[in-house]
Amino acid sequence: KLFGILLLWGVLSICKLRWKDIGFSSDGTVSGIGKGLLFGLVCSVFAYAVECIVLLFLHGNVHLSFYASGFSLTNEKGSQAGILFIMLSVLFNRMEEGVFRGLFTKILEGISYRKSLFFIAFLFGIWHLVMPLRDYLQGEASLLNLIALGIGYVILAGMMSIKWSLLYKMTGSLWFGLGDHFFNNLALNLVHVVSNSEADSLQIVRILLWQLLSFVLVLWGYQKKNC
């Protein structure tokens, strides 16, 4: 992703665009990121609470555990990494927001907003196929799992892309979405639910609840603003 940041910087230079031209305005940076972090926190609390209640009902015990791990839809723990590494890695979300929600939105200004919205969501979904493809190439997943997880990643990442694109449209900057994106990745990699000594057995349920709730809230806010 460091290469992606350098590539984005190079494209902006060639196209004679400034960072603020793709959504990184100098105004409202702190407040925008802060609102995004708060939004992510509120939605995550709901999803984590539902997961904990279900596991408590099923097993009679549940607690949160904090450690750095890799996120996977297969619910398997990724390789251990330092918390500092995770925090630095999610900062590269600026590259993803800058490229997909910022640069591509700028490039696609000539077509209808709805078409660009779904096209960017599709590209963002394809971008995330690298994770199930990596597992398949390493022999950790079958071809059937690759197809199933690939479809899941495209749909989930696409929905999240639409959410962050709508936030960009509503606020006029990428900071709100960046804050939510940052919190999303940080929490998923650091905060885990353990029950019967098994971690994140219902992680995919939590993720779906979290993202569906945030998506519905953003969509409701967008429709209300444009009524």
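**Notebook: salt bridges and helix packing**

I looked up E109 first and found it exposed, with a relative accessible area of 55%. The model is a predicted one. I then checked which residue pairs with E109 and found K106: the two form a salt bridge, with the closest N and O atoms 3.8 Å apart. The cut-off for such a pair is 4 Å, so this one counts. K106 itself is partly exposed, at 30% relative accessible area.

**Other salt bridges**

I took the count for the model and noted 7 salt bridges. Side chains of opposite charge can pair when their charged atoms come close.

Next I looked at D21. Its salt-bridge partner is R18, and the closest N and O atoms are 3.4 Å apart. Is D21 buried or partly exposed? I noted a relative accessibility of 22% for D21; buried means under 20%, so D21 counts as partly exposed.

I then turned to K163 and D180, whose side chains meet in a salt bridge at 2.9 Å, N to O. Where do the two residues lie? K163 is in helix α7 (residues 143-171) and D180 in helix α8 (residues 175-190), so the salt bridge ties together parts 17 residues apart in sequence. I found both K163 and D180 buried. I also noted one network, in which E51, D200 and R206 are joined by salt bridges that share partners.

**α7 against α8**

The K163 and D180 pair sent me to the packing of their helices. I noted an angle of about 150° between α7 and α8, with the axes 8 Å apart. An angle over 145 degrees counts as roughly antiparallel, which is why I entered α7 and α8 under that heading. For the contact, I listed M160, K163, W164, L167 and T171 on the α7 side, and F176, G177, D180, H181 and N184 on the α8 side. Sorted by class, the contact of α7 with α8 has 4 nonpolar, 4 polar and 2 charged residues.

**α2 against α8**

I then looked up how α8 packs with helix α2 (residues 29-59). The angle is about 40° and the axes are 7 Å apart. The two helices are therefore oblique to each other. I recorded the crossing of α2 and α8 as right-handed. From α2, the contact takes in T29, G32, I33, K35, G36, L37, F39, G40, L41, S44 and Y48; from α8, W175, F176, G179, D180, F182, F183, A187 and L188. By class I noted 11 nonpolar, 6 polar and 2 charged residues in the contact of α2 with α8.

**L56**

I picked one more residue of α2, L56. It is partly exposed, with a relative accessible area of 45%. Which residues does L56 touch, once neighbours within four places in sequence are left aside? I found contacts with N61 and V62. I also took the C-alpha to C-alpha distance from L56 to N196: 9.9 Å in space, for residues 140 apart in sequence.

**Whole chain**

I closed with the overall layout. The protein has 9 helices and 3 strands. From the N terminus on, I read the order of elements as α-α-β-α-α-α-α-α-α-β-β-α. Of the 227 residues, 44% are buried. For contacts between residues at least 6 apart in sequence, I noted that 78% join residues at least 24 apart.

Note on methods
Residues numbered from 1 in each chain as written. Predicted model: local features only at pLDDT ≥ 70, side-chain atom pairs only at ≥ 80, totals over all residues. Heavy atoms only, no water. Buried < 20%, exposed > 50% of the residue type's maximum accessible area, 1.4 Å probe, protein only. Helix = DSSP H or I, 4+ residues; strand = E, 2+ residues; numbered from the N terminus. Axes fitted to C-alpha atoms, helices over the stretch in contact; angles between N-to-C directions. Parallel < 35°, antiparallel > 145°, perpendicular 65-115°, else oblique. Left-handed = near helix turned anticlockwise from the far one by under 90°. Contact = heavy atoms within 4.5 Å. Nonpolar A, V, L, I, M, F, W, Y, C, P; charged D, E, K, R; others polar.
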